[in-house]
Structure formats: C-alpha cells, structure tokens
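Subject: The structure, and what turned up in it

Hi,

Here is the structure I promised to pass on. Have a look at it first, and then read on for what I found.

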Protein chains: 2
Amino acid sequence: MSTNDFPLRRRQLLAGSASALAASGLATFTRGASAQTARPFPPNLEWKDPANFIVHNARELETKRSAFGTSAITPAERLFVRANLPTPDPSIVADRDAWTVSIEGVRNPRTLSIRELKAIGIETTTSVLQCSGNGRGFFPSKPTGAQWTVGASGCVVWSGVPIRYLVDALGGLDAGVQFITGTGGEKLPEGVDPLSVVVERSVPLRALPDALLAWEMNGAPLPLIHGGPLRLIAPGFQGINNVKYIKRLAFSATESKARIQQLGYRMAPLGGKADPSQPSVYEMGLNSWVNGPGADGAPVKAGTVWVHGVAFSGGTPIRKVEVSTNGGRDWLEGNFIGPDLGRFAWRQFALPVKMAPGTYQVTSRATDASGAVQVENRVENLSGYNNTSWRDHIVAVTVA
Amino acid sequence: MSTNDFPLRRRQLLAGSASALAASGLATFTRGASAQTARPFPPNLEWKDPANFIVHNARELETKRSAFGTSAITPAERLFVRANLPTPDPSIVADRDAWTVSIEGVRNPRTLSIRELKAIGIETTTSVLQCSGNGRGFFPSKPTGAQWTVGASGCVVWSGVPIRYLVDALGGLDAGVQFITGTGGEKLPEGVDPLSVVVERSVPLRALPDALLAWEMNGAPLPLIHGGPLRLIAPGFQGINNVKYIKRLAFSATESKARIQQLGYRMAPLGGKADPSQPSVYEMGLNSWVNGPGADGAPVKAGTVWVHGVAFSGGTPIRKVEVSTNGGRDWLEGNFIGPDLGRFAWRQFALPVKMAPGTYQVTSRATDASGAVQVENRVENLSGYNNTSWRDHIVAVTVA
C-alpha cells in the first residue's frame, strides 16, 4: 500500500517492523519504490498489454487515457490495477467454488462457499471501479501515493449474489446494524498488528440494496488480481470499499477498527493528519473527462474531430455532458453514445467539433439528474482523494 | 470455409483447383479436416483460453456452454471463432488507422481511411454475433460443416461509425439501391475465380439504420481474428453478413454475384441443392438457451438451483423467457438479470428452481415483444442454418 493511504506507515516502518514488511513484500509499496525510474511490467500481469498502461509500480498500473476507446465497458486486459497487499497465491482460484466467506451480524450467521452462494441468487450490475486516489497526480501538493491521472478507473460488469438475498436467506440483519464490513483474505505479514495492515472496510448500510458478492467480471471468472474468486462490490463507492478476496462479511453497528478504516481513506485537511472524525472515502463524486482524440500525444488532423469521453457519478444518473475546447470558457453539449448500463456505469459521450490547426484545451463537465454540476476545482486534501475537477482533466490537443 | 457453406466446393476441388486451394490454406476447411480427431488449439489464438472452447478445427472454435457465465457480454477471449478464409497477415493491424475502405453507390464515391471514418462519427451498439450454422450439431441430417451446439455465438459491444452518417457525408445513396454489399479484404488464392471464394455479402437496405463500420470490440481495437481493423456490423443479422476486413462497401441495386451470396447461406431444402431463389440467411430467429448450471457435465447439488441462460432475436426485444426442467411439459417464467443492452443484445435470465436428486431436461423458451414464441422444433434445411429449437437446446442435468 502506498504511504498516503496509511499516513503512519513510514513511522511504523521506522519503528521496527520494516523487516517483517520487507519479507511480506509490503515494503515495495513505499514512496521510494513508487518513485523509482525503472518500472518493469509485473510478470504476473502479462495478460494485460503493457502498451495500454502507465506503470507506477508492480501493483499500481494505470490505464492510458488513449486506451479507453468508446465502448461502454473496459475489458479486463485494459483495467487498471491497484493492490493494497501482495496478491494471494493463485491456488485460491484453483477451485473457485470452494472459496468460503463467513457472514456475521445476521440472525443465522454462517460460513458459505461460493457454490452455496450461487444457490442463493444471481444478479449482474455494471459499475465504475475507481481508485479513490484517481486524479491524485493533478494535486500541486503532491500527496504520497501513485500519481494517477484519470486511468485508475474502468467500467466493468459484475455478476454475483445480491447481498440483500444473502441477508434474507440468513434470517435478516441483527438489530442496530449500521455498516457492512468486508474483510479481505490476503495473507498478512507476521510480526505486525493485523489491524494495522488488514484490508477491512466498512461502508454504510445504504450500500446494501445494490451490493453484490461477485465471482464474475465482464463475463469471465473474476481474475485473481481483481479480487477473485470473490469480491465485495459496492456500486457507486470508491474502489477501496470493494474488498477483494472477501473472507468475512459482517453487518455491524460500528466501523471496522482496522487502520485502513480509521485512518486510511479519510478526507484529511492539507497539512493536517488523518483522523476517524473526518469523512471516509465513500461514494464517487460527479465526474467526467475526455479520452480522445489527441490523448497521450496522439496526432490530430485539422477538420471535424469527434471529441469523446466518459461521465459517471456515485449513483445519480448523468443528465448532460458539455465539452469545452478552450479550457472552459465556452461549452457545447455532447451526445451520449452506446447503451445505458445503469446509474453506476459510466456514459460515453461524443461530440463533433471543427478544429483548425492549433492547440486546444479540451475538457468536459457533467451534470447529473439532480442538477448538480461537476466541479471546476478539486477539493484539496492530504491524500489526494476524490479529484473530480474538470480543470485538472483538461487535455492539451495539438491539431496539425 | 466448410463445404456446407459452399455446396459446390467439393466438386470444384475435384475439378482441378485443389492445389491452388491447398497453397492458400483453404483445403484445410474441407470436411475431412474438420472431422479429424486431433484438434490442436490454433497457435495464433493462444490469447483465448483453450479450456473455454470446443475446437472443431483451426478456424472454428466454439465457446463451451459453461463458459458463458451470467454477465451481459462475452469477453473477446471467450468469443467463438469462425473464419471463412485464412486470416490476413497481422501487418494489417500494425497501423489500424491507415486501413482504407472504398465506398460505392453514393453520390460522391470515395476511399476513406479509418482515420477519416473517425471524423465522420462514432456510435456504440451491442449485438449478438452468431454463426448462421449455430445449432447445426443438433440436425439429425448431419449437414456438412462445424457441428456447433450453441456456442458459435456471443454478445459483444461494437464501436465505429454509423453507416448512415457515412452515406450522408458522401452525398446520399444512388437511386435504386436495394442492398448493402460488403467485401472482405482477405487475400484470395490465385488460380481460382475470385467470385467463387471472396467473402462478399449483400444485406437488404433495411440493415442501414443500425449498421456500423466498427473498429472496436468490447472496449479494445477489434482483434484480427474477429475482423480487425474494420468490420461491417449489421446488428440482428447472422454472422456471415458482418463482413470482416472490409475493403469495399457498395450500395447496390442487386445482390453480390459472389458464390457465398448466390449459393452459400441459402435455406435450401433437405436433399435439395442451394439456389439463389431460396431465402438468404439474414436476421437471426427468436432464440434462447440455458447455460447452467450443469452444462458440460458440471456437477449439481440438490436444493435450490439458479437456472440461467440467454435470449435474443434479430432485433425484436425479448418480452419473456420461460424455463422448463422436464423437457417442455411445464414452464416457469424466468427473471431478466443485468442491464438491457438494447434490442440486438441478448438478455440474461435466471430462475431459482428446487431440484431433488435426479435427472432433469432443462431448456428455455423466449417470447418477443410481438408475441412470437421461440419454436419447439428446428426448420430442417440442407446446411443446418437458423436452429432456434428449444427442444434441441435441452441440457440433461444430473442432480446429486
């Protein structure tokens, strides 16, 4: 995990657990490693085409803006990678149906295999998966962590059992439940307090109606790197809340005591420090950006140019997307293209614009069904979360 | 191409062009090769996981029923393969935007590069891609050609330029146009009449409002084996009409003179022979089938079982899907799951059924928005096309 997500990590390293972390592979997540210049493509991810990614480090791969295309979905081989802990051994996907998850905080708590989950129900949902720190690279404060631009995101189709079916099957929720807490099944390093490293996140109970335990992504068994065999999907919520390798699902009255919940992923003030009273990183903000043409320096010929990109939110439908080619002075309304995959998916938009030779500052601005408009400027925060600034998302396009 | 698609192929081979065909690789498409027992996975397709396919021969790979899952889409790496001619050299996808297609039958005919097409417009459509001979393996008459069960099909997202935009950009259609004729850019063998081998198909002008020239599939550049860099997509029409490597798009008053149009893909009577007066293989019929559980012999445990599958048509929305577990004596209405990707996509359905130990004859039956109901029995025909029989699609499921 990058230090930004765990502001105390560096101090903890200095306090003596460095060797345990190094043994576990965790040490490679420190800022030093992330800033190194040699960034080999991770050998276990060779099924993803390196040409489509910006390699921040072995566990943080960003999809290039030019690799998104104009289809409604992001194929697995182009989907960004962000792992908080070392990837579990591939043996956990050898017999997927045998993976178990324990359910707590219901009338009849029990442990179920994926095989048993498949008898409880099936639903399919499309949602944007996005790292909470997507857009961090635009923060002038240079928060620690991967310097994502816009590509720590993708729109994918999940299939699994609705958690509300599971709750019904197990007799209903215990009294007083306020949170859904998911615990990841990664192997934790020895010699450190498990609560200091475990990926355990609590989301408010409002996530329940749409949440899944998913075993399939984009029509194939969920890849190991993306949380297979089983992942908690909380549509509309930032990536970290979608716990991979889920081993325990607890309906609880209080939030997890894990550091990743208490101090990680908080909207801490610039220059301050994270604390549990600050807002947690939950629903994604209203967002959009342009993916082409001209992203990543691709040449653009003068004439009519179809500007295209994506727009999404934490669950409110997108009503309108506007495009500007002069850095936000003037706006033109774009057209949605392709199928509407539901309120948690992104909408693709496109708009023909006549461009003479020159340089253009191209960006987009979304409006949702409530009338809310995507913000011009990021909200500054310690760790560089929730960047939905249309100004930060400007692409400088040179037309020849 | 398999002999069923070209009933005269064998005679033609005997007539002396066998050596030219052998040199071109075409000879491997004859029935002898298709029936051989050793079926190595094609080395150029290793990016598809062999475990998900039935290998009919090097250019005909069928997706296993159990590999479809329950998401709305079929990922590229699980999509069936059916090639009429040897795959073009990969050099044609080295600079995709440079590929050109000539447009004829419009006021201002001209040749355009993909780069130029991208300036004319972008749209995204989801459609079922299905080999016209899907389900041929169930015909007792054993028509020649790959003995597909249900897996010569998939549901994919295409992105490209709407052909109606292209027509507008080039001044409109010539007078008297009745057909859209697409010509594939495969290299043809020397020494044979080009019209006897070229993949050139004409579809009626009614395909125009929905047709695309597509450069993207499922969010990535169209793979070579699936027709990249550019493919004609006629949503709702059987696979053969979706011409790969399209080099020429002609709006014409008459159908193509190519054998594949005149004699191939005709609904010829059993025991008869193909002729141009017979109906051509155009829109897909109303169809559905069950994909799980228990497909491909997977074990099923007694209790509640979620039966799931897909339903689609040639463009009429699906209104209802019913499921039977006793070979069609009784029917229960299924629920649609997942997003509706439009009238050319398939809908996923699922239904919980209590099953005690025993053997069940599981199948499904779709009803479309016009009230039409999927047929019980196939329409017998010489080449085994258009099999939408719910009886043929029965899966025998053993519950233990």
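Let me begin with a tryptophan. B:Trp148 sits in the loop that runs between strand 6 (123-130) and strand 7 (153-162) of chain B. Is B:Trp148 buried or exposed? Its relative accessibility is 0%, so B:Trp148 counts as buried. If you would like a distance to go with that, the C-alpha atoms of B:Trp148 and B:Gly328 are 22 Å apart, with the two positions 180 residues apart along the chain. Please keep in mind that this is a predicted model.

**Chain A as a whole**

Chain A has six helices and 21 strands. Its radius of gyration is 21 Å, close to the 21 Å that the globule rule gives for 400 residues, so chain A is as compact as a globular protein of that length. Along the principal axes, the C-alpha atoms of chain A fill a box of roughly 65 × 45 × 40 Å.

Of the 400 residues in chain A, 62% are buried. Among the contacts in chain A with a separation of 6 or more, 71% are between residues 24 or more positions apart. The accessible surface of this chain is about 14,100 Å², and carbon and sulfur atoms account for 54% of that area. As for charge, chain A has 40 positive and 32 negative charges, and the mean positions of the two sets are 4 Å apart.

**Where the two chains meet**

How many residues does each chain bring to the contact? Chain A and chain B each give 34 residues. The size of an interface is often given as the accessible area lost when the parts come together. Here, the area buried between chain B and chain A is about 2,700 Å², with 57% of it coming from carbon and sulfur atoms. On the chain B side, B:Ser71, B:Ile122 and B:Trp306 lose the most area to chain A, and together they make up 21% of what that side buries.

**Backbone points to check by eye**

Most residues other than glycine have a negative phi, and most peptide bonds are trans. Some places in this model depart from that pattern.

- A cis peptide bond joins A:Gly228 to A:Pro229, with omega at about 15°. A:Pro229 belongs to the loop between strand 11 (220-221) and strand 12 (231-233) of chain A.
- Another cis peptide bond links A:Gly292 and A:Pro293, with an omega of about -5°. You will find A:Pro293 in the loop between strand 14 (287-292) and strand 15 (303-312) of chain A.
- A:Tyr265 is a residue other than glycine with a positive phi, near 55°. It lies in the loop between helix 6 (259-262) and strand 14 of chain A, and A:Tyr265 is buried, at a relative accessible area of 2%.
- B:Asp296 also has a positive phi, near 55°, and is not a glycine. This aspartate is in the loop between strand 14 (287-292) and strand 15 (303-312) of chain B.

**A few more residues to click on**

A:Ala258 is in the loop between strand 13 (246-252) and helix 6 of chain A. With a relative accessible area of 0%, A:Ala258 is buried. Which residues does it touch, not counting those up to four places away in sequence? They are A:Leu195, A:Val198 and A:Glu200. For A:Leu195, the C-alpha atom is 4.5 Å from that of A:Ala258, although the two residues are 63 apart along the chain.

A:Gly358 is placed in strand 20 (residues 358-368) of chain A. At 27% relative accessibility, this glycine counts as partly exposed. Leaving aside neighbours within four places in sequence, A:Gly358 is in contact with A:Val397, A:Thr398 and A:Val399. From A:Gly358 to A:Ala400, the C-alpha to C-alpha distance is 6.6 Å, and the two are 42 residues apart in sequence.

Finally, B:Thr325 lies in the loop between strand 16 (318-324) and strand 17 (332-333) of chain B. Its contacts beyond four places in sequence are B:Asp330, B:Val353, B:Met355, B:Tyr360, B:Gln361 and B:Val362. The C-alpha atoms of B:Thr325 and B:Pro229 are 44 Å apart, and these residues are separated by 96 positions along the chain.

Happy browsing, and best wishes

Methods:
Residues are numbered from 1 along each chain as its sequence is written. Chains are lettered from A and ligands numbered from 1 in the order in which they are written. This is a predicted model: local features need pLDDT of at least 70, side-chain atom pairs count only at pLDDT 80 or more; totals for chains, interfaces and linings use all residues. Side-chain values use heavy atoms; hydrogens and water are left out. Helices (H or I, at least four residues) and strands (E, at least two) are DSSP runs, numbered from the N terminus. The radius of gyration is taken over C-alpha atoms; the globule rule is 2.2 Å times the number of residues to the power 0.38. Buried means under 20% relative accessible area, exposed over 50%, partly exposed in between (1.4 Å probe, protein chains only). Contact means heavy atoms within 4.5 Å. Accessible areas come from the Shrake-Rupley method with a 1.4 Å probe; for residues, only the protein chains shown count as cover. Lys and Arg count as positive and Asp and Glu as negative; His and the chain ends are not counted. The place of a charge is taken as NZ of Lys, CZ of Arg, CG of Asp or CD of Glu. Buried area is the accessible area (1.4 Å probe) that two parts lose on being put together, summed over both.
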